[in-house]
Amino acid sequence: MRFGITQKVNDLFTDNTRYMIIIKQQVWEEIIAQAKREAPEESCGYLIGNDDVITENYKMENIDHSSEHFSFAPKDQFSAIRYVRSKGLQIIGNWHSHPVSPSRPSEEDLRLANDPDIRYFILSLANGDTVFNAFTVRQGKVVKKEEVTVE
Ligand SMILES: [Zn+2]
């Protein structure tokens, strides 16, 4: 049901190029490697870059060490913010892995997604595949779903 609504929102954007998110090949390989290494626990990090081009993964520790949810270490969050400011970059969003479930937010992900200005990326490793989508969440609901292009 949630995805029916998202699809309608996406249909409003006919100029797809304006909304495309690009992730650099090297960063893509890095987050897959991190997620596989840390599975069955969920992995997480910040995706950093400029103008919807992701050029860096800022790896974070999942202090929950859980296969079903994640929390960033506050010290990692502070150092990530210092890092992007010092480099003149932006935090495009945060990402976490779903080792065995699809690339869409769980109920808990939605409950905790309280920043309307960033994207929430989810990397699914389910069934040996790698599926990566970006979600914008407002008031506990997905208002936009974007695919990510590896370049
Ligand atoms: Zn999740």
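## A hairpin, a barrel and the loops around them

In the hairpin formed by β6 and β7, 2 residues sit between the strands, and one of the residues to look at is Q139, which takes a positive phi near 50°. Helices and strands here are DSSP runs (H or I over at least four residues for a helix, E over at least two for a strand), numbered from the N terminus. This is a predicted model: local features need pLDDT of at least 70, side-chain atom pairs count only at pLDDT 80 or more, and totals for chains, interfaces and linings use all residues. Residues are numbered from 1 along each chain as its sequence is written.

### The overall plan

The protein has 4 helices and 7 strands. Starting at the N terminus, the elements follow the order α-β-α-β-β-α-β-α-β-β-β.

How are the 7 strands arranged? They make a closed barrel in the order β1-β3-β2-β4-β5-β6-β7, with mixed pairing. Neighbouring strands of this sheet are turned by 35° against each other on average, with direction ignored. Two strands count as paired if DSSP finds at least two bridges between them. Three of the pairings are set out here.

| Strands | Sense | Bridges | One bridge pair |
|---|---|---|---|
| β5 and β6 | antiparallel | 5 bridges | F121 and A134 |
| β6 and β7 | antiparallel | 6 bridges | N133 and E147 |
| β1 and β7 | parallel | 3 bridges | I23 and V150 |

### Helices beside the strands

Helix α2 (residues 25-38) packs on the sheet, where it touches β1 (21-23), β2 (44-50), β3 (53-60), β4, β5 and β7 (141-150), and its direction makes about 25° with that of β3. Such angles run from 0 to 180 degrees between N-to-C directions, and the axes are lines fitted to C-alpha atoms, for helices over the stretch in contact.

Helix α3 (residues 74-87) lies across β2, β3 and β4 and runs at about 150° to β3. From its first C-alpha to its last, α3 spans 20 Å with its 14 residues, close to the 20 Å expected at 1.5 Å a residue. That expected span is 1.5 Å times one less than the number of residues. Is α3 buried or in the open? Of its 14 residues, the number buried is 0, so α3 lies largely in the open. A residue is buried if 20 or more other C-beta atoms lie within 10 Å of its own, exposed if 12 or fewer do, and partly exposed in between, with C-beta atoms placed from the backbone. Just after α3 comes G88, with a positive phi near 70°.

### The inside

Of the 151 residues of the protein, 32% count as buried. The largest nonpolar core has 29 residues, and those with the most contacts inside it are L47, I48, I54, W95, F121 and L123. A nonpolar core is a set of buried Ala, Val, Leu, Ile, Met, Phe, Trp, Tyr and Cys residues joined through C-beta atoms within 7 Å. At least two residues of this core come from each of β1, α2, β2, β3, β4, β5, β6 and β7.

Take I48 as an example. Leaving aside neighbours within four places in sequence, I48 is in contact with I54, T55, E56, Y58, V84, L89, Q90, I91 and I92. Contact means that the C-beta atoms of two residues, placed from the backbone, lie within 7 Å. Among contacts between residues at least 6 apart in sequence, 63% join residues at least 24 apart.

### Loops worth a look

Where is P99? This proline is in the loop between β4 (90-98) and α4 (107-112). P99 counts as partly exposed because it has 18 C-beta neighbours inside 10 Å. Not counting residues up to four places away in sequence, P99 touches A39, P40, E42, S67 and L125. P99 and E42 are 57 residues apart along the chain, yet their C-alpha atoms are separated by 6.4 Å.

P40, one of the residues touched by P99, lies in the loop between α2 and β2. A cis peptide bond joins A39 and P40, with omega at about 10°.

D52 is in the loop between β2 and β3. Although D52 is not a glycine, it has a positive phi of about 65°. With 18 C-beta neighbours inside 10 Å, D52 counts as partly exposed.

To finish, return to the hairpin. Q139 lies in the loop between β6 and β7, and it too is not a glycine despite its positive phi of about 50°. Why does Q139 count as exposed? Because it has 9 C-beta neighbours inside 10 Å.
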